[in-house]
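Visitor: I am new to this structure and would like a close look at one part of it. Please start with the cysteines and show me what lies around them, then go on from there.

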Amino acid sequence: MKLVVVGGDAAGMSAASQARKRMGPGDLEIVAFERGNFTSYSACGIPYWIGGVVRDLDSLIARGPEAFREAGIDVRTRHEVVGIDMRRREVTARDLEGGGELREGFDQLVYAAGAVPVTPGWARVDGGGVFGVQTLDDGTAVHTWLDRDPRPRRAVVIGGGYVGVEMAEALVRRGLDVTLLERAPQPMSTVDEDMGERVGEAIRGLGIEVRVKTEVRGLETANGRVSAVVTPDGALPADIVVLGLGVRPNTALAVESGIPVGVTGGLRTDLRMRVVGPEGHIDGLWAAGDCVQTVHRVTGRPVHIALGTHANKQGRVAGINIGGGYATFPGVIGTAVTKVCDLEVARTGLTESEAAEAGFEYVTAAVESTSRAGYYPGAAPMVIKLIAERRTGVLLGAQIVGREEAGKRIDALAIAIWNRMPVEEMTALDLSYAPPFSPVWDPVLIAARKATEAVHAAG
């Protein structure tokens, strides 16, 4: 049997590795195509490498092409798959270094092409200096640009989501003057506005100019490189522009090949990660990672949430099934965490607007507390916000904004949402306590208690 993998990062190589673990080279031949130079790397670590927190590029690579080849997986970097023929069961790949094309037959195909940065028409300019940051090759290009002569001095980051905020901080660390532009009323719109205001204050505290409710109209170039970002308030000088406008599933090749996609633009799969068409799953076709849509466990609706944690799990599930085992991927709840300097920002489940859009009636509760006992040195403030269904009290969503050791508390709340726990039940959770780690009433328990009161008051 022969397996071909399209995409050599988290999802694709997890699938290949799991399939190889269950079937030897004599039973399964594996060929993986990757258009970039790297395999199995941490895209989430790119801003920290650019900002100098992570010392070198190699630190971000979990497993390079040679390691996979030694394990019996034929990895071909700098090869872009440009065609898929499901009837003939073969792919066409273009050699980006040597030129020319080749055809490779398959019995099983894993589509793991990832996501691509959202790039509006105005961002497609002839001049250099405009970057999305999705792959390690993208990060390398940014790093090279920042080291060029003359060194860039002014940066504009467009979009205040995770990538935008993290890249803005990285560029400040590199000594640039940074302006962050956001179309919404606040940066970090993945949390509610009252929590996002705190994030905005932290970003400004780094010396970053934040402009909200700002539409970008275009870019200006001079001497073959970007020179300014055009807004309704005038042009902002820029030596480098970073796009942080989100990503979309990289499914153009699938669509061109006649493979159907779902309402989010991502490939539809069943629980075992087999691609689903109008008549059921498509024999021999699997998909995983940022190119697929999945199910939100709270709303039951299809969503596209591009995170490496999901990609690794989905790839693992696909590989186990290809290798003759049995595994399923049960969906997501949108758990994520990031930081701005020492301010940690985390969320899971639904925000208020997402809960309302899904049709829930809900109550909210927010509490201020500290990461440790108040008298213990280093106790840092945090705010926890909970969103619970009005009648049942089931936890629908949670957000945390706080200083050191605040963010990872989101995991306890994610477990509660995953298991549909009512907030009243959460008040009795047996959480650990010692002064260096928590107040005697952990902030999670205090928030659950306040949310329970709100549920009872709502009737």
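Guide: Let us begin with Cys44, which is exposed at a relative accessible area of 51%; exposed means over 50%, buried means under 20%, and partly exposed is in between, with a 1.4 Å probe and protein chains only. Its sulfur is 16 Å from the closest cysteine sulfur, that of Cys291, which is too far for a bond. Cys291 is likewise in no disulfide, with the sulfur of Cys44 as its nearest cysteine sulfur. Cys291 is buried, with a relative accessible area of 0%. A search of the whole structure finds 0 disulfides, where a disulfide is a pair of cysteine sulfur atoms within 2.5 Å.

Before we go on, a word on how to read this. This is a predicted model, in which local features need pLDDT of at least 70 and side-chain atom pairs count only at pLDDT 80 or more, while totals for chains, interfaces and linings use all residues. Residues are numbered from 1 along each chain as its sequence is written, and side-chain values use heavy atoms, with hydrogens and water left out.

Now to the surroundings of Cys291. Leu267 is 24 residues from Cys291 in sequence and 6.3 Å from it in space, C-alpha to C-alpha. Leu267 sits in the loop between helix H7 (252-256) and strand E18 (274-277); helices (H or I, at least four residues) and strands (E, at least two) are DSSP runs, numbered from the N terminus. With 1% relative accessibility, Leu267 counts as buried. Not counting residues up to four places away in sequence, Leu267 touches Cys291 and others, including Tyr111, Ala254, Ile259, Pro260, Ala287 and Val292; contact means heavy atoms within 4.5 Å.

The loop that holds Leu267, between H7 and E18, also holds Met273. Met273 is not a glycine, yet its phi is positive, about 75°. Met273 counts as buried, at 1% relative accessibility. For another positive phi, go to Lys213, a residue other than glycine with phi near 50°. Lys213 is in the loop between strand E12 (209-211) and strand E13 (218-222), and with 63% relative accessibility it counts as exposed.

Tyr111, which Leu267 touches, leads us to the nonpolar cores. A nonpolar core is a set of buried Ala, Val, Leu, Ile, Met, Phe, Trp, Tyr and Cys residues joined through side-chain atoms within 4.5 Å. The largest one has 50 residues, and those with the most contacts inside it include Tyr111, Leu3, Val81 and Ile84. Helix H1 (residues 10-22) gives the largest share of this core, 6 residues. Ile84 touches, among others, Val91, Leu109, Tyr111, Leu253 and Ile259, not counting residues up to four places away in sequence. A second, separate core has 38 residues, among them Val133, Leu136, Ala168 and Ile208.

Leu136 from that second core is also one of the buried residues of H4, along with Gly139, Val142, His143, Trp145 and Leu146. These buried residues pack against helix H2 (46-50), E9, H5, strand E14 (225-231) and strand E16 (240-243).

Trp145 deserves a stop of its own. The structure holds 1 aromatic pair. It is formed by the rings of Phe131 and Trp145, which have their centres 5.9 Å apart and their planes at 65°, so the pair is edge-to-face. Rings of Phe, Tyr and Trp (its six-membered ring) pair if their centres lie within 6.5 Å; planes under 30 degrees apart count as stacked, over 60 as edge-to-face and the rest as tilted. This pair links distant parts of the chain, with Phe131 in strand E9 (residues 130-132) and Trp145 in helix H4 (residues 136-146), 14 residues apart. Phe131 is buried at 11% relative accessible area, and Trp145 counts as buried at 11% relative accessibility.

Arg148 lies over the face of Trp145, 4.0 Å from the ring centre; a charge sits over a ring if NZ of Lys or CZ of Arg is within 6 Å of the ring centre and within 35 degrees of the ring normal. In the loop between H4 and strand E10 (154-158) you will find Pro150, and the peptide bond from Asp149 to Pro150 is cis, with omega near 0°.
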